[in-house]
Amino acid sequence: MRRVAILGAAQTRFEACKASLAYNELVYGVVREVLDRTGVPMREIESMVTASQDAYDGKTISGMAINEVVGAYLKSEAKVAADGLQALLYGVARILSGEFDLTLVVAHCKESEGDPAAITGLMFDPFVQRPLHLDELTAAALQARRYCRKKGLTPEDVALVSVKAHRQALKNPYAQRAGTFSVSDVLASPLLADPIHELEAAPRSDGACALLLASEARARALTDRPVFIVGVGNCTDAYWTERDLAEAGALQEAARRAYAMAGIREPAREIHVAEISARYAHEELMAIEALGLHPNPVELIAEGRAEFINPSGGPLCGNPPTVSGLVRAIEAYAQLSGEAGARQIEGARTALAHGAGGICGQNQTVVILRRE
Amino acid sequence: MSREETTLRVPFLLDMEYRYAVGQYGRRFFTELRDHARLMGARCPECERVYVPPRPVCGICYRELHEWVEVGPEGTIVGWTVVRLPFIDPMTGEQRPVPYGFAIIRLDGASTSLYHFLDETDERKIRVGQRVRAVFREKREGSLRDILHFRLLEE
């Protein structure tokens, strides 16, 4: 079977408001960086997959407003209006089809330009939920409560995730929020919606990222240190009101598919780095368990053995929606190509990137990357 | 059941405000327009197309645009219409006065077209290829509406 490699990647620093840059300028910055790093000229790139959301951009067909900066004139371009890691899946499929050898995957979002609470509110059912002003935060709080109750977790247990994330983010030059916080600092930060505190929720962010995918033949011609995508899995669960929010069935199934494709039998032993799309602290605990990385995530973190999980700090340290999932793959790629700087996990050969979308993670994506 | 009983609908009013960053290229374009009533484009170093409004990259050559050139204020009509259907202007929330002339205008020195109003509503007096000139507002704020409309030039 054909294999797909990542040739190079770039991301912007996450910031609450990138007021000086228009969308096309923001996106051009990361695309230019990918071209410069890989040495591949734009004329050789045959297809583009972009990820953005019309509601955040305040513009329908939001992918069309950036088509010149992603080099899509008279080329095959498609937009994914979902988490950025799904755009990666789409890009991989394009190369596996044999139709394309080089595909650029790009994601952008500026939460600062719209009203994020109103925008996430549009995800909800208009008849029985929107009249109640539900938004993503409220739904996450209900899930966090349900999960903690089921697992018998204390507020201190969940706060550990935030402590670790912000400490690890100190080594990430792209992070928007980082710091040395204690459990009591986290629990003293404002309560947004019980039990979620400010330091346990991803901040509002602006950002963009891009990566270049190549067929194996093209990758071997262009680099002697290819990083391959060896497993992908995607799964959608029931609408959030129709399932037990303490369970992560869709993530388990997405992981099962990705592991099977990558030949992974013991993820706890075989995954050296995992970048998890946890927009709320409790989601990281749920994901560690569902991905089979450890049966007791709180113990893993409390004992200081969870450094390999979100070495970037993860979405708690910067989370432009849509961009965030693709950044997980870019961070995983950086780890495997030895470009992760101060946050490098030594000796990492296999990495996992996780993306989530929808209310309480209705849609889940898992990607496994491996270097030779 | 009557039709009325079977067509219950839930109303939903969405009030959404956006604050779009115009960016580096947009800032210069609108500043020149506001402060000097001047229309600017950016030239591609490879194909020499002049883009109006200016942008970071030539979509065809994929080269960065750094050379700024003044274009217009005169130009040529590429395509036109006269709008007669009344509709609510999303920028003001009020009904746009109809009729009004609207045209695709290729400004002198530009390779792309600007879209704007015409000062004429009589279809018999407008034609493709006709020369026009931008009429700027006295009080300008840094938006495309700093151009009031394009005036048809006598030939």
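Two residues count as being in contact if their C-beta atoms, placed from the backbone, lie within 7 Å. By that yardstick, among contacts in chain B between residues at least 6 apart in sequence, 50% link residues at least 24 apart.

A word on the setup: this is a predicted model, where local features need pLDDT of at least 70, side-chain atom pairs count only at pLDDT 80 or more, and totals for chains, interfaces and linings use all residues. Residues are numbered from 1 along each chain as its sequence is written, while chains are lettered from A and ligands numbered from 1 in the order in which they are written.

Chain B has two helices and eight strands, taking helices (H or I, at least four residues) and strands (E, at least two) as DSSP runs numbered from the N terminus. Reading from that end, the order is α-α-β-β-β-β-β-β-β-β. The radius of gyration of chain B is 20 Å, well over the 15 Å that the globule rule gives for 155 residues, so chain B is more spread out than a compact globule. That radius is taken over C-alpha atoms, and the rule is 2.2 Å times the number of residues to the power 0.38. The C-alpha trace of chain B spans about 70 × 40 × 35 Å along its principal axes.

Now for strand β7 (residues 131–136) of chain B and its pairings. Strands pair if DSSP finds at least two bridges between them.

| Pair | Sense | Bridges | Facing residues |
|---|---|---|---|
| β4(B), residues 74–83, with β7(B) | antiparallel | three bridges | Thr76(B) opposite Arg131(B) |
| β7(B) with β8(B), residues 147–152 | antiparallel | five bridges | Val135(B) opposite His149(B) |
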